[in-house]
Amino acid sequence: VRLSWQPWQWGILQREREILSVQKEILDTEASAFADRLRRAAQADWEMIQHLIDALDSDAHIARLRRIAEAAASAQLAERVITPAEYIDIRTDLHQARLALRRHRVELARARAQYLTAWGIR
């Protein structure tokens, strides 16, 4: 019977187990931190989506009111009750309301895409 034993290998198996255990803890901690970051980012994206939906409702209401005001101003301009400059101001307000509505639609689409991308959904 031959025995092969080298003193520098004494306890190496135990040290390797300890190293693997520490590496597993590190990996578990990093996975947990990644999941937390992903959850926080998705929550922020979801809140942005909700904010933009509310803004779209508000923008649509404002645009409707501006259209009504523009129609009234058009009639007043035809009857020479208001000046062309006042009418232009009212038309500008209408165009700005429409622009805000369109801008928020685009931002909502981007926020939805970002939310889905964060979760790995195409």
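1. Arg80 is exposed, its relative accessible area being 75%, well supported by the cut-off of over 50% for that class. This arginine is found in the loop between α1 and α2. Its phi angle is near 60°, a positive value in a residue other than glycine. Most residues other than glycine have a negative phi. The model is a predicted one, and the phi of Arg80 should be read as a computed value of that model.

2. The two helices on either side of this loop are α1, which covers residues 12-78, and α2, which covers residues 84-118. Their axes come within 8 Å of each other and cross at roughly 160°. Angles over 145 degrees count as roughly antiparallel, and α1 and α2 are therefore roughly antiparallel to each other. The crossing in which α1 passes α2 is left-handed.

3. Which residues make up the largest nonpolar core? Six residues form it: Ile49, Leu52, Leu56, Leu101, Leu108 and Ala111. The elements that contribute two or more residues to this core are α1 and α2. In soluble globular proteins, nonpolar side chains tend to be buried together.

4. Two members of the core deserve separate mention. Ala111 lies in helix α2 and is buried, because its relative accessible area is 4%. Setting aside neighbours within four places in sequence, Ala111 is in contact with Met48, Ile49 and Leu52; Ile49 and Leu52 are themselves core residues. Leu101, with the same kind of neighbours left out, is in contact with Leu56, Asp59 and Ala60, and Leu56 likewise belongs to the core.

5. Where is Glu70, and is this residue buried or exposed? Glu70 is placed in helix α1, and at 13% relative accessibility it counts as buried, because the class takes in values under 20%. When residues up to four places away in sequence are not counted, Glu70 touches Tyr87, Ile90, Arg91 and Leu94.

6. A search of the whole structure finds one aromatic pair. Trp46 and Tyr115 form this pair, with 5.5 Å from centre to centre and 45° between the planes, and the arrangement is tilted. The pair links distant parts of the chain, given that Trp46 is in helix α1 and Tyr115 in helix α2, 69 residues apart. A pair of aromatic rings is described by the distance of the centres and the angle of the planes.

7. Both partners of the aromatic pair are partly exposed. Trp46 falls in this class because its relative accessibility is 41%, and Tyr115 because its relative accessibility is 22%. The class lies between the limits of 20% and 50%.

8. Arg37 is placed in helix α1 and is partly exposed, with a relative accessible area of 47%. The C-alpha atoms of Arg37 and His51 are separated by 21 Å, the two residues being 14 apart along the chain. For Ala111 and Leu13, which are 98 residues apart along the chain, the C-alpha separation is 52 Å.

Methods: Residues numbered from 1 in each chain as written. Predicted model: local features only at pLDDT ≥ 70, side-chain atom pairs only at ≥ 80, totals over all residues. Heavy atoms only, no water. Helix = DSSP H or I, 4+ residues; strand = E, 2+ residues; numbered from the N terminus. Buried < 20%, exposed > 50% of the residue type's maximum accessible area, 1.4 Å probe, protein only. Phe/Tyr/Trp six-rings, centres within 6.5 Å; stacked < 30°, edge-to-face > 60°. Core = buried A, V, L, I, M, F, W, Y, C linked by side-chain atoms within 4.5 Å. Contact = heavy atoms within 4.5 Å. Axes fitted to C-alpha atoms, helices over the stretch in contact; angles between N-to-C directions. Parallel < 35°, antiparallel > 145°, perpendicular 65-115°, else oblique. Left-handed = near helix turned anticlockwise from the far one by under 90°.
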